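Me: Could we go through this model together, beginning with the surroundings of the ligand and then turning to the strands?

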Amino acid sequence: MSIVFLNDRYMPMEEAKISPMDRGFLFGDGIYEVIPSYDGELVGFAPHIDRMNQGLELIGIDFKWDVNKWREVCEALIEKNGSGNLGIYLHVSRGADSKRFHAYPSDVTPTVYAYAFEIPAANVPDKSKAKAYKVATTEDLRWQRCNIKSTALLGNVMHFQHGHAQGYNETILYNANNEMTEGSACNAYIVKDGVVITPPLDNQILPGITRLMLLDILAKHTDIKVEERVVTMDEVLAADEVWLTSSSKEIAPVIEVDGKPVGSGEIGDVWLAAQTAYTANKTEY
Ligand code: PMP
């Protein structure tokens, strides 16, 4: 395990070295992606690369590889690290400067790093086999550009730690208006009377690729109704079901929020229908 890619070379992870002057290290000045791969098959590859390119553009890093070059790197990492259930981490930082100065330098070469790590097996649409999540909640105190998948993740790390330290699997965040934003590392949803409701895309949340795929799959392959609208925390507490999505979790059912059961306290039927449709159609993306 652990052959990594750094600046056009493959090498054992222990040999991968970057400059301490890299702006990714000093400022968290970079963009990253995580693409899931199950038994050698990448899921959502094209939309993940699109989002990375958009992120690089948003923060003014002038770097764009042909999508096939990224595919080559992802496939080489899968080949070198043994296929199985892998997350392929891709990271482009602005690069190493000779001084620590906030303004974007014009003459640095971006640092490109990629590696593969094990992720849980893909969910199976079976309530008895699903991992049921228990989550904490806390006010979202991150920055106002959460749509950018920046490597500067300290805000997310601190929010994740808030739940983790209390024995929870995740932390659901809410803004100053008591409206749910997302999880510290995932998008969030409620289900009420059979309708799936999730906050709309704006600067408060990451446009998750699993979210994109799930909403598309639900529209094309099921009768389940979806609303993209503001969700208050009161609605979260009164929901029949709560879900989280991310590339490594797929659709994660939440059965407890701040120690209180969600709905009946059991994994719900709408989750089962949604995960069934997702499992059947995710490789189309
Ligand atoms: N929101 C945040 C804050 C995330 O870090 C992630 C990814 N871990 C997501 C949402 C979900 O994104 P995706 O479905 O693309 O993995």
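**The ligand shell and the strands**

Reply: In this predicted model, the shell around the ligand is made up, by class, of five nonpolar, 10 polar and four charged residues.

Me: Which residues come nearest to the ligand?

Reply: The model places 19 residues around the ligand. Of these, the ones that come nearest are R51, E182, I209, T210 and S247.

Me: Which side chain has an N or O atom 2.7 Å from a nitrogen atom of the ligand?

Reply: Backbone atoms also approach the ligand, with a polar backbone atom of A185 at 3.0 Å from a ligand nitrogen and a backbone N or O atom of I209 at 2.8 Å from a ligand oxygen. The side chain asked about, which has an N or O atom 2.7 Å from a nitrogen atom of the ligand, is that of E182.

Me: How much of the accessible area of the ligand does the protein cover?

Reply: A ligand oxygen lies 2.8 Å from a backbone N or O atom of I209. Taken on its own, the ligand has 390 Å² of accessible area, and the share of this that the protein covers is 91%.

Me: Which domains each give at least three residues to the shell around the ligand?

Reply: The elements that contribute two or more residues to the shell are helix 2 (45-58), strand 9 (180-183), helix 5 (209-221) and strand 13 (241-246). At the level of domains, at least three residues of the shell come from each of domain 1 (3-118) and domain 2 (133-284).

Me: Why is strand 5 largely enclosed by the rest of the structure?

Reply: Strand 5 (residues 85-93) pairs in the antiparallel sense with strand 3 (residues 30-38) over nine bridges, and E33 stands opposite L90 in strand 5. Eight bridges join strand 5 to strand 6 (residues 111-118), again running antiparallel, and here H91 stands opposite Y113. Strand 5 is largely enclosed because, of its nine residues, the number buried is eight.

Me: Is H48 buried or exposed?

Reply: H48 is found in helix 2, one of the elements that give two or more residues to the shell around the ligand. Its relative accessibility is 1%, and because a residue under 20% counts as buried, H48 is classed as buried.

Me: With which side chain does the side chain of H48 make a polar contact?

Reply: H48 belongs to helix 2, and its side chain makes a polar contact at 2.6 Å with another side chain. The partner is the residue that stands opposite L90 in strand 5, namely E33.

Terms used
Residues numbered from 1 in each chain as written. Predicted model: local features only at pLDDT ≥ 70, side-chain atom pairs only at ≥ 80, totals over all residues. Heavy atoms only, no water. Near = heavy atom within 4 Å. Polar contact = N/O pair within 3.5 Å; in protein donor to acceptor, adjacent residues only side chain to side chain. Areas by Shrake-Rupley, 256 points an atom, 1.4 Å probe, with all protein chains shown as cover. Helix = DSSP H or I, 4+ residues; strand = E, 2+ residues; numbered from the N terminus. Nonpolar A, V, L, I, M, F, W, Y, C, P; charged D, E, K, R; others polar. Domains from an automatic or database assignment. Buried < 20%, exposed > 50% of the residue type's maximum accessible area, 1.4 Å probe, protein only. Pairing = 2+ DSSP bridges.
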